[in-house]
Amino acid sequence: MALLRRRTSAILAAAAVALAGLTGCGSGGGSGGKTKLAFFSWDNEQTMKPLIDAFEKQNPAIEIEFSNAPPVAEYISTLQTRLVSGTGADVFLIAAENKTNLIEGKFVLDLTGKPYMANVSKFNSATYAKDGKAYGMSLSSWSGGILYNNDLLAKAGVTEFPTKWDDFLALCQKLKAAGVTPFYDTATAMPLTLAALVGHENAAKGGDVDAKIFAGTATFGELWNGPLTNWNKLITSGVMSKDVVGLKGDQIVDEFAGGRVAMIAGGPWDVPTLHQKAPDLKMTFAGVPTPDGKPFWAGAASPGFAINAKTERLKEAEAFLTYLSSKDAVSLYNKQTKAMTTTSDYEPQIDEVLRPNFKALQEGRFYLPQIAWERNQDALNTEAVAQIQLMVQGQAQPAAVATALDNRLKSAG
């Protein structure tokens, strides 16, 4: 999604005032006298339809008007446009990349203490909170790493997946020499392997470098230069194509399902699609190799459900969140998406492929820059992706990417 950049915060703040004079959001009248509740998600209709159908069956007076846009940039851009124009849905997702703007722009209601928040984990609730108030109902967490095709690696003579970054690059070279495309990680969004490398670096430096950056006592370069340099070796060594600047996540998954690439950066959301498209595919998840051989993962609390502060259908919106947080709904969502749900009253069914991911969550070996950033997540994410794309194309050096992030933070305030 193309994000609104430097003027986003100002636009949203102004829009919050402007929207106060509007009559509400979404559509009020449904068919047959039902109340229509607008819901905007980045999950697709195939994923959400069973939950919506079950909710409507339990709540026959409410009709869900569903719309969606794919993550991350297109969803956030579309949501921002709708909020600014006063057409935002009654219920939508709040994500790492836009949480500050939504909260500070007063676009989302405070959900603190609501009954449907009782089962939400403290970690997930805190992710979408500010000043002790929760604004998003996040029901799951995720961790992403490297998903590899067992058969393709075996044909290349690989018996054990590497844990060190240089050994991973050597594996990629070996696969390439065997005529196999080694690895894809998207550059249309924050690359998962880069996020993991940054997280590993942050942990090695005490875990508080982001806090120092936002306090003005450290720079992005101190945290990012090493990971950027290592990640860029994928491009400069020729083991990952520059074409990743245009490859979206679903395209990469299709290449993996078709056996045309041996390894991809991915997360739990990819597993249901791969089971469907390639039921015989033997695949394994591994943490991202690091310079010291201690694998790390990208990961965070999943986006939360938020209620539009301007909704005129608060009762219906809260009924929807009450259902979504129920054991039945969480179980159904877990079944539909393989999501690693974190509510207190339901033990998620973990796909065997995702056991390593789940273990990483339990051990806390995961990180996502957009969550670690204290403010201006949207502007920084936009800048990071743009600069990484330039780096992939050979138009920027790793140090320049980090410097651009420092400059963006200073200009955003």
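How many salt bridges does the rule find across the interface of domain 1 and domain 2? The rule, under which a side-chain nitrogen of Lys or Arg lies within 4 Å of a carboxyl oxygen of Asp or Glu, finds 0 salt bridges across that interface.

The model is a predicted one, in which local features need pLDDT of at least 70 and side-chain atom pairs count only at pLDDT 80 or more, whereas totals for chains, interfaces and linings use all residues. Residues are numbered from 1 along each chain as its sequence is written, and side-chain values use heavy atoms, with hydrogens and water left out.

The secondary structure of the protein chain amounts to 18 helices and 13 strands, where helices (H or I, at least four residues) and strands (E, at least two) are DSSP runs numbered from the N terminus. The C-alpha trace of the protein chain spans about 65 × 50 × 35 Å along its principal axes. The radius of gyration of the protein chain is 21 Å, which agrees with the value near 22 Å for a compact globule of 413 residues; the radius is taken over C-alpha atoms, and the globule rule is 2.2 Å times the number of residues to the power 0.38.

Two domains divide the protein chain, domain 1 (35-138 + 303-338) and domain 2 (143-299 + 369-411), with bounds that come from an automatic or database domain assignment. The centres of domain 1 and domain 2, taken over C-alpha atoms, are 29 Å apart. Contact, meaning heavy atoms within 4.5 Å, involves 11 residues of domain 1 and 12 residues of domain 2. Between them the two domains bury about 950 Å², of which 53% is on carbon and sulfur atoms; buried area is the accessible area (1.4 Å probe) that two parts lose on being put together, summed over both. Across the interface of domain 1 and domain 2, 4 residue pairs are in polar contact, both residues at pLDDT 80 or more; a polar contact is a pair of N or O atoms within 3.5 Å, one of which, within protein, must be able to donate a hydrogen and the other to accept it, and residues adjacent in sequence count only if both atoms are side-chain atoms. On the side of domain 1 that touches domain 2, α4 (99-104) and α14 (327-337) each supply at least two residues, and the largest share, 3 residues, comes from α4.

Although 0 salt bridges cross the domain interface, the structure holds 13 salt bridges. Aspartate 90 and arginine 313 meet through their side chains in a salt bridge (3.3 Å, N to O). This pair links distant parts of the chain, 223 residues apart, with aspartate 90 in the loop between α3 and β3 (91-94) and arginine 313 in the loop between β11 (304-307) and α13 (314-324).

Most residues other than glycine have a negative phi, and most peptide bonds are trans. Proline 71 and valine 72 are joined by a cis peptide bond with omega about -10°, and valine 72 is placed in the loop between β2 (62-68) and α3 (73-85). Lysine 106, in the loop between α4 and α5 (122-127), has a positive phi near 60°.
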